[in-house]
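Me: I am new to this structure and would like a close look at a single part of it, with enough of the surroundings to see where that part belongs. Please take your time and keep the account connected.

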Amino acid sequence: MAHRWYVDTQEKADFFILFIKDQLSSGNLITYNIKTERRSDRQNAAIHLWFRHIADQLNEAGHYCRHPFNDDFEIPFTEITVKELLFKPVINAMWDKAKTSDLEVKELSESAEALVRWLSSNKGIYCPLPQKLKDEFK
């Protein structure tokens with residue numbers, strides 16, 4: 001059974017400590033991995049939804065990816081190709097960061113706006129971060 005704890009208050013920290021002590025006294029051996037969270041699962045899902053919307057608009061506008069070994073072979077955009085081929089180069093150029101999970105909230109927003117501007121002026125599509133997504137990152 002998997003357990004996940006998001007600890008952002010003293011009360012949650014106290015409950016987590018009690019959980020660990022309870023598991024130990026019950027004889028359950030558990031390995032705990034601690035990671036610093038930059039964004040929540042909900043925020044992660046939201047940004048990937050935005051990548052899918054961009055992919056859909058690019059495909060509907062007739063823009064496709066080129067296959068790396070054959071320029072004549074066109075591949076439809078997906079949320080992964082948008083993230084890897086379009087968004088990651090932006091964050092690398094702007095912030096010298098390779099992973100979206102390394103971005104601070106302000107960096108993510110500014111990178112997204114840069115991509116939105118480029119897509120609008122160069123590919124004729126306008127797919128801004130939805131307001132709901134912007135609210136998620138505040």
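What follows is a careful look at helix 2 and at what lies around it.

Me: Which residues of helix 2 are buried, and what does Ala55 touch beyond residues up to four places away in sequence?

Reply: It helps to begin with the whole chain, which is a predicted model. Its secondary structure comes to five helices and two strands, and from the N terminus on these elements follow the order α-α-β-β-α-α-α. The radius of gyration is 20 Å, well over the 14 Å that the globule rule gives for 138 residues, so the chain is more spread out than a compact globule. Taken along the principal axes, the box filled by the C-alpha atoms is roughly 65 × 35 × 25 Å. Buried residues account for 31% of the 138 residues, and of the contacts between residues at least 6 apart in sequence, 48% join residues at least 24 apart. The accessible surface comes to about 9700 Å², with 53% of that surface belonging to carbon and sulfur atoms. As for charge, there are 19 positive and 21 negative side chains, and the centres of these two sets lie 2 Å apart.

Now to the helix itself. Helix 2 covers residues 41-60, and at 1.5 Å a residue its 20 residues should span 28 Å; the C-alpha atoms at its ends are 29 Å apart, which agrees with that expectation. The buried residues in this helix are Gln43, Ala46, Ile47, His48, Trp50, Phe51, Ile54, Ala55, Leu58 and Asn59.

Two of these deserve a separate look. Ala55, which has its place in helix 2, has a relative accessible area of 2%, and because buried means under 20%, Ala55 counts as buried. Not counting residues up to four places away in sequence, Ala55 touches Phe77, Thr78, Glu79 and Val82. Of these partners, Glu79 and Val82 fall within the range of helix 3, which is 79-95. A distance in the other direction along the chain adds to the picture: Ser25 is 30 residues away from Ala55 in sequence, and the C-alpha atoms of the two are separated by 50 Å.

His48 also lies in helix 2, and its relative accessible area of 12% is again under the 20% limit, so His48 is buried as well. Leaving aside neighbours within four places in sequence, His48 is in contact with Glu79 and Lys83. Glu79 is therefore a partner of His48 and is also among the residues that Ala55 touches.

Beyond the end of the helix, the chain passes through Gly62, which comes just after helix 2 and takes a positive phi of about 85°. Tyr64 then lies in the loop between helix 2 and strand 1, the latter being residues 65-67. At 37% relative accessibility, Tyr64 counts as partly exposed. Leaving aside its neighbours within four places in sequence, Tyr64 is in contact with Asn59, Glu74, Ile75, Pro76 and Phe77; Asn59 is one of the buried residues of helix 2, and Phe77 is also touched by Ala55. Between Tyr64 and Thr78, which are 14 residues apart in sequence, the C-alpha to C-alpha distance is 9.7 Å.

One further residue offers a comparison for the backbone at Gly62. Most residues other than glycine have a negative phi. Asp96, a residue other than glycine, nevertheless has a positive phi, near 55°. Asp96 lies in the loop between helix 3 and helix 4, the latter being residues 105-123, and at 65% relative accessibility Asp96 counts as exposed.

Methods: Residues are numbered from 1 along each chain as its sequence is written. This is a predicted model: local features need pLDDT of at least 70, side-chain atom pairs count only at pLDDT 80 or more; totals for chains, interfaces and linings use all residues. Side-chain values use heavy atoms; hydrogens and water are left out. Helices (H or I, at least four residues) and strands (E, at least two) are DSSP runs, numbered from the N terminus. The radius of gyration is taken over C-alpha atoms; the globule rule is 2.2 Å times the number of residues to the power 0.38. Buried means under 20% relative accessible area, exposed over 50%, partly exposed in between (1.4 Å probe, protein chains only). Contact means heavy atoms within 4.5 Å. Accessible areas come from the Shrake-Rupley method with a 1.4 Å probe; for residues, only the protein chains shown count as cover. Lys and Arg count as positive and Asp and Glu as negative; His and the chain ends are not counted. The place of a charge is taken as NZ of Lys, CZ of Arg, CG of Asp or CD of Glu. The expected span of a helix is 1.5 Å times one less than its number of residues.
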